[in-house]
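The following paragraphs guide a reader who is new to this structure. Please keep the sequence and the model in view while reading.

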Amino acid sequence: MTAGPRRIVCLTEEPTEVLYALGEQHRIVGISGFTVRPPQARREKPKVSAFTSAKIDEILKLEPDFVVGFSDIQADIAAELVRRGVEVWISNHRSVDGIVDYVRRLGALVGVGPRADAYADTLRRGLDAIEAQAAKLPYRPRVYFEEWDEPIITGIRWVAELIRIAGGDDVFPELSAQSLARARILATGDPVIERSPDIILGSWCGKKFRPERVAARPGWDSIPAVRDGELHEIKSPLILQPGPAALTDGVAAIASIIRNWAQSSRRAA
């Protein structure tokens, strides 16, 4: 007999990605409409939620015995499902360590703890390898990460930590500690100018990053990243969800940009 829940609804992408990685996708009966990883999930599973809203009646029709969501932003969805008799787990992790631990906890909750521990160990070894390579770079760039443009929102904690692992230093470490996006809003772009980043990374959730618009902001032409053309997009599915994607493809993309910057002839001259 299968241990743990057998009919799982995932309200965000990261539990879907974890369960597929653990070979437990057969348990998933519904997913978030924002899910892009793994790509087969979109083809195989019904979409029953966004991020701040969900089709409660559609979820109930799936007869889930476990629903997994993320953060206080999904508290109302969770509360309604709990009132309707559904077991719900809302994780609220915001750090790299939290993501690794999330993999372990989710695996334990669905009855595959040892397999989840092995997967989490693999994720951690990958991060350690990237950090070891980054330690050999001749320079550490100052990095500004932008999560949204209007208003300007700076990067969250796990992003700042991944930038450090990849060999850079986030220019707004004090803001990255704020879990809510509204606490990371900049009233103007002046603080970015003042902190003079060498690299600008953009990941505008749900829309394409436009480096030419960023470069055209008043006064930003004095920023080293703008002057040197170091404005890069990190696709939001790779970095803005606190799951395996950020710890693999997301950090790898950041590390590649930082490595190219550090090794360029302009810095070596």
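**A walk through the predicted model**

E63 is located in the loop that joins α3 (56-61) to β4. The model is a predicted one, and in it E63 has a positive phi of about 50° although this residue is not a glycine. Is E63 buried or exposed? Its relative accessible area is 58%, and because this is over 50%, E63 counts as exposed.

A second residue with a positive phi appears on the other side of β4. S71 is found in the loop between β4 and α4 (75-83). The phi of S71 is near 80°, again a positive value in a residue other than glycine. The surroundings of S71 can be judged by the cut-off for burial: its relative accessible area is 1%, which is under 20%, and S71 is therefore buried.

Another buried serine belongs to a strand. S32 lies in β2, which covers residues 28-32. With a relative accessible area of 2%, S32 falls under the 20% limit and so is buried. The side chain of S32 reaches the backbone nitrogen of F34 at 3.0 Å. If neighbours within four places in sequence are set aside, the residues in contact with S32 are C10, L11, T12, K47, S49 and A50.

Beyond β2, the chain enters a loop that leads to α2 (39-44), and P38 has its place there. The peptide bond from R37 to P38 is cis, with omega near -15°. A further cis peptide bond runs from E150 to P151, where omega is near 0°. P151 is placed in the loop between β6 and β7 (152-154).

The next element to consider is helix α5, residues 96-109. How far apart should the ends of this helix be? The expected span is 1.5 Å times one less than the number of residues. For the 14 residues of α5 this gives 20 Å, and because the end C-alpha atoms are 20 Å apart, the model agrees with the expectation. The buried residues of α5 are V96, G98, I99, V100, Y102, V103, L106 and G107. These buried residues pack against several other elements, namely α1 (13-21), β4 (66-70), β5 (88-91), α6 (113-134), α7 (157-165) and α13 (244-263). After α5 comes G111, with a positive phi near 90°.

Attention may now turn to the open space in the model. The largest pocket holds about 890 Å³ of space. It is lined by 31 residues, of which F51, I73, E147, C205 and L240 are the closest to its centre. The elements that contribute two or more residues to this lining are α1, β6 (142-149) and α12 (236-239). By character, the lining of the largest pocket is made up of 17 nonpolar, eight polar and six charged residues.

The final stop is the loop between α12 and α13, where Q241 is found. The side chain of Q241 makes a polar contact with the side chain of E13, at 3.4 Å. Leaving aside neighbours within four places in sequence, Q241 is in contact with E13, E14, F34, W158, S236 and A246. F34 has already appeared in this account, as the residue whose backbone nitrogen is reached by the side chain of S32.

Note on methods: Residues are numbered from 1 along each chain as its sequence is written. This is a predicted model: local features need pLDDT of at least 70, side-chain atom pairs count only at pLDDT 80 or more; totals for chains, interfaces and linings use all residues. Side-chain values use heavy atoms; hydrogens and water are left out. Helices (H or I, at least four residues) and strands (E, at least two) are DSSP runs, numbered from the N terminus. Buried means under 20% relative accessible area, exposed over 50%, partly exposed in between (1.4 Å probe, protein chains only). A polar contact is a pair of N or O atoms within 3.5 Å; within protein, one must be able to donate a hydrogen and the other to accept it, and residues adjacent in sequence count only if both atoms are side-chain atoms. Contact means heavy atoms within 4.5 Å. On a 1 Å grid over the protein atoms alone, a cavity is a set of points where a 1.4 Å probe fits but cannot get out, and a pocket is an open set with protein on both sides within 12 Å along at least five of seven lines; lining residues have an atom within 4 Å of a point. Grid points are joined across faces, edges and corners, and a volume is the space filled by probe spheres set on the points. Ala, Val, Leu, Ile, Met, Phe, Trp, Tyr, Cys and Pro count as nonpolar, Asp, Glu, Lys and Arg as charged, and the others, Gly among them, as polar.
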